[in-house]
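Good morning, colleagues. Please look at the model on the screen while I go through its local geometry and its charged pairs.

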Amino acid sequence: MSFGLTGAPGTFCRLGNEIFRDYLDKFVIIYIDDLLIFSKSLEEHKQHVTQVLQRLREHQLYAKPEKCEFAVGELEFLGFRVGRGRLKMNPTKVEVVRKWP
């Protein structure tokens with residue numbers, strides 16, 4: 001989306017929620033333009049990623065490969081470290097508070 005469009009993040013978020021309605025909270029979470037695909041196994045993850053990429057293609061939307069991470073055990077999402085059934089604060093975000101005078 002062009003940077004000058006007012007409401008573009010909200011519009012894209014709504015579009016994502018419409019497109020992935022049947023996947024939401026089953027194996028996809030969407031926040032603005034971030035998609036998080038989660039799975040219990042690597043095989044299941046491969047299927048989920050394929051389904052999500054196919055759905056994006058069907059709606060003429062594309063992921064930027066350099067912004068993607070696939071099949072990782074832990075990643076940063078919305079300022080948190082998420083992985084293997086755990087949610088924890090990102091240490092780099094907390095460090096600023098720890099060093100506060």
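**Salt bridges, strands and backbone angles**

Arg21 is exposed, with a relative accessible area of 54%; here buried means under 20% relative accessible area, exposed over 50%, and partly exposed in between, with a 1.4 Å probe and protein chains only. Before I continue, the basis: this is a predicted model, in which local features need pLDDT of at least 70 and side-chain atom pairs count only at pLDDT 80 or more, while totals for chains, interfaces and linings use all residues. Residues are numbered from 1 along each chain as its sequence is written, and side-chain values use heavy atoms, with hydrogens and water left out.

Arg21 forms a salt bridge with Glu18, and the closest N and O atoms are 2.7 Å apart. The criterion is a side-chain nitrogen of Lys or Arg within 4 Å of a carboxyl oxygen of Asp or Glu. Glu18 is partly exposed, at 42% relative accessibility. How many salt bridges does this rule give? The count comes to nine.

A second pair is Arg98 and Glu95, with a closest N to O separation of 3.9 Å. Because Arg98 and Glu95 are three residues apart in helix α3, about one helical turn separates them. Helices and strands are DSSP runs numbered from the N terminus: H or I with at least four residues for a helix, E with at least two for a strand. Arg98 is exposed at 64% relative accessibility, whereas Glu95 is partly exposed at 31%.

The third pair is Arg81 with Glu74, whose side chains meet in a salt bridge at 3.2 Å, N to O. Arg81 has a relative accessible area of 23% and is partly exposed; Glu74 is also partly exposed, with 29%. Which residues are linked with Glu74 in a network of salt bridges? They are Arg81, Arg86 and Lys88.

Let me turn to the strands. An open sheet of three strands has the order β3-β4-β5, and its pairing is antiparallel; two strands pair if DSSP finds at least two bridges between them. At the edges are β3 (75-77) and β5 (86-89), each of which pairs on one side only. On average, neighbouring strands of this sheet are turned by 35° against each other, direction ignored. For that value, axes are lines fitted to C-alpha atoms, for helices over the stretch in contact, and angles run from 0 to 180 degrees between N-to-C directions. Three bridges connect β3 with β4 (residues 80-83) in the antiparallel sense, and Leu75 has Val82 as its bridge partner in β4.

Asn90 follows in the loop between β5 and α3 (91-98). Is Asn90 buried or exposed? Asn90 is buried, at a relative accessible area of 4%. Leaving aside residues up to four places away in sequence, Asn90 touches Glu76, Gly79, Phe80 and Arg81, where contact means heavy atoms within 4.5 Å.

The other strand pair is β1 (residues 28-31) and β2 (residues 34-37), which run antiparallel and are joined by four bridges. Ile29 has Leu36 as its bridge partner in β2. In a regular strand the side chains alternate between the two faces of the sheet. In β1, Val28 and Ile30 make up the covered face, and Ile29 and Tyr31 the uncovered one.

That hairpin leads to the backbone angles. Most residues other than glycine have a negative phi, and most peptide bonds are trans. In the hairpin of β1 and β2, with two residues between the strands, Ile32 takes a positive phi near 55°. Asp25, in the loop between α1 (8-19) and β1, has a positive phi near 65°. Asp25 is exposed, with a relative accessible area of 65%. Ala71 has a positive phi of about 55° although it is not a glycine. Ala71 lies in the loop between α2 and β3 and counts as partly exposed at 49% relative accessibility.

Finally, a pair that is separated in sequence. Lys46 and Phe70 are 24 residues apart along the chain, and their C-alpha atoms are 8.9 Å apart in space. Lys46 belongs to helix α2 (residues 42-58) and is partly exposed, at 45% relative accessibility.
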